Amino acid sequence: MPKGEGNLIAQNRKARHDYIVMETIEAGMVLKGTEIKAIRNRRVNLKDGYVRIRDGEAFLVNVHISPYEQGNLFNHDPLRTRKLLMHKKQIAKLGVEAKNTGIALIPLKIYIKDGFAKVLIGVAKGKKQYDKRQDLKKKDMNREIDRTLKDRQR
């Protein structure tokens, strides 16, 4: 199965609006027992999350996984830092890219693939306000073109 495909759990839609995604990388996550159950219940928020490289390891920071309702005593901290499972070369490459100015590592999707929770990380560059406006203009123009073509077919 190609990267980024599987049973989609959560998606960071705001990321494509705020950033230009240059490259994507798939990574596994180290989770506790109640976290995977909460993920399967789709109780995840990627909105403010990012990836940090520290001491040759990658960590997913500020991703909210709600506590599992039936996991009373064994529940986890919703905003805890989670380790990502990647090859050492991939982490080194991300570390070099993250040191560049204006480059951010953001989670784009969380999905279940072959029974394992995966996160799709985007190597992204922040958009300026005028870039966002241009994208909205293009979207509106394409929508208008589609409408006129649909009306002509009738």
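Helices and strands here are DSSP runs, numbered from the N terminus, with at least four residues for a helix and at least two for a strand. On that count, the protein chain has four helices and nine strands. Bear in mind throughout that this is a predicted model.

**Figure 1. The whole chain, before we zoom in, spans about 60 × 40 × 30 Å along the principal axes of its C-alpha trace.** Walk along the sequence and you'll meet the pattern β-α-β-α-β-β-β-β-β-α-β-β-α. The protein chain has 154 residues, and 35% of them count as buried. It exposes about 10,300 Å², with carbon and sulfur atoms supplying 49% of that area. As for charge, there are 35 positive and 18 negative side chains, yet the centres of the two sets sit just 1 Å apart. Among contacts with a separation of 6 or more, 68% come from residues 24 or more positions apart.

**Figure 2. Seven strands make an open sheet, in the order S1-S8-S9-S2-S7-S5-S4.** The pairing is antiparallel. At the edges you'll find strand S1 (7–11) and strand S4 (50–54), each of which pairs on one side only. From one strand to the next, the twist averages 40 degrees. As a reminder, strands of a sheet pair through backbone hydrogen bonds, either parallel or antiparallel.

**Figure 3. Here's the S4 end of the sheet, where five bridges join S4 to strand S5 (residues 57–61).** The two strands run antiparallel. To get your bearings, pick out Arg54: its bridge partner in S5 is Glu57.

**Figure 4. Helix H2 (residues 33–40) lies across five strands.** These are S1, strand S2 (19–29), strand S7 (82–85), strand S8 (103–113) and strand S9 (116–126). Against S8, helix H2 runs at about 80 degrees.

**Figure 5. Ile9 is a residue of edge strand S1.** Is Ile9 buried or exposed? Ile9 has a relative accessible area of 11%, and the cut-off for buried is under 20%, so Ile9 is buried. Leaving out residues up to four places away in sequence, Ile9 touches Ile39, Arg42 and Val44, as well as Ile110, Tyr111 and Ile112. If you also want a sense of scale, try Asn142: it is 133 residues from Ile9 along the chain, and their C-alpha atoms are separated by 29 Å.

**Figure 6. Arg42, one of the residues that Ile9 touches, has a positive phi.** Look for Arg42 in the loop between H2 and strand S3 (44–45). Its phi is near 60 degrees, and the residue isn't a glycine. For context, most residues other than glycine have a negative phi. At 44% relative accessibility, Arg42 falls between the 20% and 50% cut-offs, so Arg42 counts as partly exposed.

**Figure 7. Asp114 sits in the loop between S8 and S9.** Asp114 is another non-glycine residue with a positive phi, this one about 55 degrees. Its relative accessibility is 63%, and exposed means over 50%, so Asp114 counts as exposed.

**Figure 8. Ser66 is in the loop between strand S6 (64–65) and S7.** Despite the loop setting, Ser66 is buried, with a relative accessible area of 14%. Which residues does Ser66 contact, leaving aside its neighbours within four places in sequence? They are Ala38, Arg43 and His76. Ala38 falls within helix H2 (residues 33–40).

Key
Residues numbered from 1 in each chain as written. Predicted model: local features only at pLDDT ≥ 70, side-chain atom pairs only at ≥ 80, totals over all residues. Heavy atoms only, no water. Pairing = 2+ DSSP bridges. Axes fitted to C-alpha atoms, helices over the stretch in contact; angles between N-to-C directions. Contact = heavy atoms within 4.5 Å. Buried < 20%, exposed > 50% of the residue type's maximum accessible area, 1.4 Å probe, protein only. Areas by Shrake-Rupley, 256 points an atom, 1.4 Å probe, with all protein chains shown as cover. Lys, Arg positive; Asp, Glu negative; His and termini not counted. Charge placed at Lys NZ, Arg CZ, Asp CG, Glu CD.
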